[in-house]
Amino acid sequence: MPDRDLPEDLVLPLATGEPWWYWSGGRPAVDFVNTQRERWRRGVETLITPADLSAWLVQAHVMDEPAAVSQAVLAQARDLREAIDALLVATIEDRAAPVAAVTLVDDWLVFAGVRPQLVPDAAGGVPRLTERAAADSPRRALGMIALDAATMLGTEQRSRVRICASETCSGRFFDRSPAGRRRWCSMRTCGNEAKARRHRQRLRKTFH
Ligand SMILES: [Zn+2]
């Protein structure tokens with residue numbers, strides 16, 4: 001499956017978004033933003049059902065196993081996603097961050113914290129420091145995504161946030177290249193296309 005192109009004749013809204021998820025964002029917060037696809041054009045929602053969100057969180061490695069998600073949490077997850085994107089775009093365009101988006105992401109951070117627990121050793125020996133089981137895994141997972149977004153957008157890491165340079169792609173990504181000059185969401189798709197276009201232009205110059 002190509003990283004970015006959705007079929008023209010896609011029947012919208014989708015029944016499930018799972019076949020259209022992609023993972024070239026470089027980190028969970030960016031992959032999450034990319035679940036709203038074709039932001040440059042149609043704006044295709046790929047978190048359609050509560051089960052979609054549960055499956056996505058597992059595939060993104062922020063939740064261990066599928067868990068029940070309510071419609072309310074799905075709606076809140078989409079709001080979180082759009083708040084992260086608003087901050088991401090403001091960062092790239094060097095604009096002031098929308099305060100409402102900052103507040104919304106901040107509201108999620110409380111769910112991200114590690115909840116330590118000290119338990120007695122089964123054999124009655126030394127106590128053991130572990131983590132309390134998450135009472136509400138989806139919310140906790142979304143809290144981890146909010147924390148990832150806050151780390152990316154609230155620190156020096158913000159200089160590495162990008163939108164793909166292709167005119168027909170709105171893929172967001174976090175640039176982990178050593179020089180920090182990556183331009184394409186994926187070399188396999190958008191990067192290759194640009195290379196082919198430059199090649200065609202060179203050929204035209206040579207022969208005309
Ligand atoms: Zn792209």
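Here's a short tour of a predicted model, stop by stop.

**Stop 1: the zinc ion.** Select the zinc ion and show the side chains of C164, C169, C185 and C190. Their SG atoms coordinate the metal at 2.3 to 2.4 Å. What arrangement do the 4 donor atoms make? It's tetrahedral, because the angles they subtend run from 106 to 116 degrees. For comparison, the ideal angle for four tetrahedral donors is 109.5 degrees. Along the sequence, the donor residues follow the spacing C-x4-C-x15-C-x4-C. Both C185 and C190 are buried.

**Stop 2: helix α3.** Now pick residues 71-92, the 22 residues of α3. At 1.5 Å a residue the helix should span 32 Å, and its end C-alpha atoms are indeed 32 Å apart, so the two agree. Colour its buried residues, among them V73, L74, L80, R81 and D85. Just after α3, click on D94, whose phi is positive, near 60 degrees.

**Stop 3: the aromatic rings.** There are 3 aromatic pairs to hunt for. Start with W23 and W56: their ring centres are 5.2 Å apart and their planes sit at 25 degrees, so this pair is stacked. W23 lies in the segment before α1 and W56 in helix α2, 33 residues apart. W56 is buried at 0% relative accessibility, while W23 is partly exposed at 37%. Add F32 to your selection, and you'll have a cluster of W23, F32 and W56 linked by ring pairs.

Next, show W108 and F111, a tilted pair with 5.5 Å between centres and 50 degrees between planes.

**Stop 4: charges over rings.** Finish with R27, whose charged end sits over the ring of F174, 4.5 Å from its centre. Then select R182, which lies over the face of F173 at 4.1 Å from the ring centre.

Terms used: Residues are numbered from 1 along each chain as its sequence is written. This is a predicted model: local features need pLDDT of at least 70, side-chain atom pairs count only at pLDDT 80 or more; totals for chains, interfaces and linings use all residues. Side-chain values use heavy atoms; hydrogens and water are left out. Donors are N, O and S atoms within 2.8 Å of the metal (3.2 Å for Na, K and Ca); water is not among the atoms, so sites may look incomplete. Four donors count as tetrahedral if all angles lie between 85 and 135 degrees; four count as square planar and six as octahedral if opposite donors are over 155 degrees apart and all others between 65 and 115; anything else is irregular. Buried means under 20% relative accessible area, exposed over 50%, partly exposed in between (1.4 Å probe, protein chains only). Helices (H or I, at least four residues) and strands (E, at least two) are DSSP runs, numbered from the N terminus. The expected span of a helix is 1.5 Å times one less than its number of residues. Rings of Phe, Tyr and Trp (its six-membered ring) pair if their centres lie within 6.5 Å; planes under 30 degrees apart count as stacked, over 60 as edge-to-face and the rest as tilted. A charge sits over a ring if NZ of Lys or CZ of Arg is within 6 Å of the ring centre and within 35 degrees of the ring normal.
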